[in-house]
Amino acid sequence: MLCLVSPSSSPTPLPPPRRSRSPADRAAPPGIAGGSNVRLSVLSVQCEARRSGPRKVKSKFATAAIVQEDKTMATAKGNVDHLPIYDLDPKLVKFKDHFSYRMKKFLDQKGSIEENEGSLEEFSKGYLKFGINTSEDGTVYREWAPAAQEAELIGDFNEWNGANHKMEKDKFGVWSIKIDHVKGKPAIPHNSKVKFRFLHGGVWVDRIPAWIRYATADASKFGAPYDGVHWDPPASERYTFKHPRPSKPAAPRIYEAHVGMSGEKPAVSTYREFADNVLPRIRANNYNTVQLMAVMEHSY
């Protein structure tokens, strides 16, 4: 995710919401981090309810309690019988069994990740483990494909014949292979094409590695499939960031976006167009974090 502005920034404010006629402010329930020091505002929203006829009915209703300070909502740690959200909205209590089921599943999965990976942060650094990574003594390639029966790595480096580059599968469904350097250089050259070949249901299938850093297609052929390209340039050719990383916001307000379909024209939008035309609108609406979807699939 890309952080756009720090919490100390002052983005263009939106028009203030209209308050309901009921008491606007009240103390936060105990389930909200910050306790009674956090104030809540009940916002009212104008809406138009369409009926079967042409008549339109305007109505006001309170939609949500908004925490005015940048505090993080409290989360349940092991206790799934009473969640803080019930204090905020008692009507959710009747769905308690379902919420408890979902929370337990989440905590079980989170615990499994922390037990096997060390932490959620380490788990998020999959790019350092999966895909093609080169070290001083060789190149290691890993791919998660639990349903595959066999797997091999193919590409320009082995003339697309994976007979000598079979992969091994671990108990988590991760396939891997280590390839020694050739005459002191990586066996898979920089800017060479590669693919992951696997056997499933008796059929061999070729796919772009999920963690590939670069993909390209033959523009001269209509509907040409993309090829994965191993991208490992020498240090002198690698991009160096010129600007400092934005400070982490205390409470992220996330805007989910897809660069390719972010424009009004019937065409695939570019990153430049997204930066010039969309990012300013996102910031003006008080978002401070952008989650870009399908980054690997959008190579323009």
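**Exercise 1. What pLDDT does the chain average, and what share of the residues score at least 70?**

Start with the scale: pLDDT is the predictor's confidence in each residue, from 0 to 100. The chain averages 77, and 72% of the residues reach at least 70. This is a predicted model, so local features need pLDDT of at least 70 and side-chain atom pairs count only at pLDDT 80 or more, while totals for chains, interfaces and linings use all residues. Residues are numbered from 1 along each chain as its sequence is written, and side-chain values use heavy atoms, with hydrogens and water left out.

Next, find the weak and strong spots. Strands here are DSSP runs of E, at least two residues long, and helices are runs of H or I, at least four, numbered from the N terminus. Confidence bottoms out in strand β3 (residues 39–50), at a mean of 33, and peaks in β8, at 98. Over residues 1–76, pLDDT stays under 50.

**Exercise 2. Work out the order of the strands in the open sheet, and find its edges.**

Pairing comes first: two strands pair if DSSP finds at least two bridges between them. Following the pairs gives four strands in the order β5-β6-β9-β8, with antiparallel pairing. The edges are β5 (131–135) and β8 (168–169), as each pairs on one side only. Now look closer at one pair: β5 and β6 (residues 138–144) are joined antiparallel over five bridges. In this part of the sheet, Gly131 stands opposite Arg142 of β6.

**Exercise 3. Describe how β10 connects to β11.**

Strand β10 (residues 192–200) runs antiparallel to β11 (residues 203–207), and five bridges join them. One of the partnerships is Leu199 with Trp204 in β11. The two strands make a hairpin with two residues between them, and Gly201 in the turn has a positive phi of about 65°.

**Exercise 4. Check the length of α4, then find its kink and its buried residues.**

Length first. The expected span is 1.5 Å times one less than the number of residues. For the 14 residues of α4 (residues 271–284) that comes to 20 Å, and the end C-alpha atoms are 19 Å apart, which agrees.

Then the bend, which is the angle between axes fitted to the seven residues ending at a position and the seven starting there. α4 has a kink of about 40° at Val278, shortly before Pro280.

Val278 also turns up in the next step. Buried means under 20% relative accessible area, exposed over 50%, and partly exposed in between (1.4 Å probe, protein chains only). In α4, the buried residues are Phe274, Val278, Leu279 and Ile282. They pack against β14 (254–257) and β15 (289–292), where contact means heavy atoms within 4.5 Å. After the helix comes Asn286, with a positive phi near 70°.

**Exercise 5. Are Glu159 and Lys183 buried or exposed?**

Begin with the backbone. Glu159 has a positive phi of about 55° although it is not a glycine, and Lys183 also has a positive phi of about 55° without being a glycine. Now place them: Glu159 is in the loop between β7 (150–155) and β8, while Lys183 is in the loop between β9 (174–179) and β10. Last, the accessibility. Glu159 counts as exposed because its relative accessibility is 70%. Lys183 is exposed too, with a relative accessible area of 84%.
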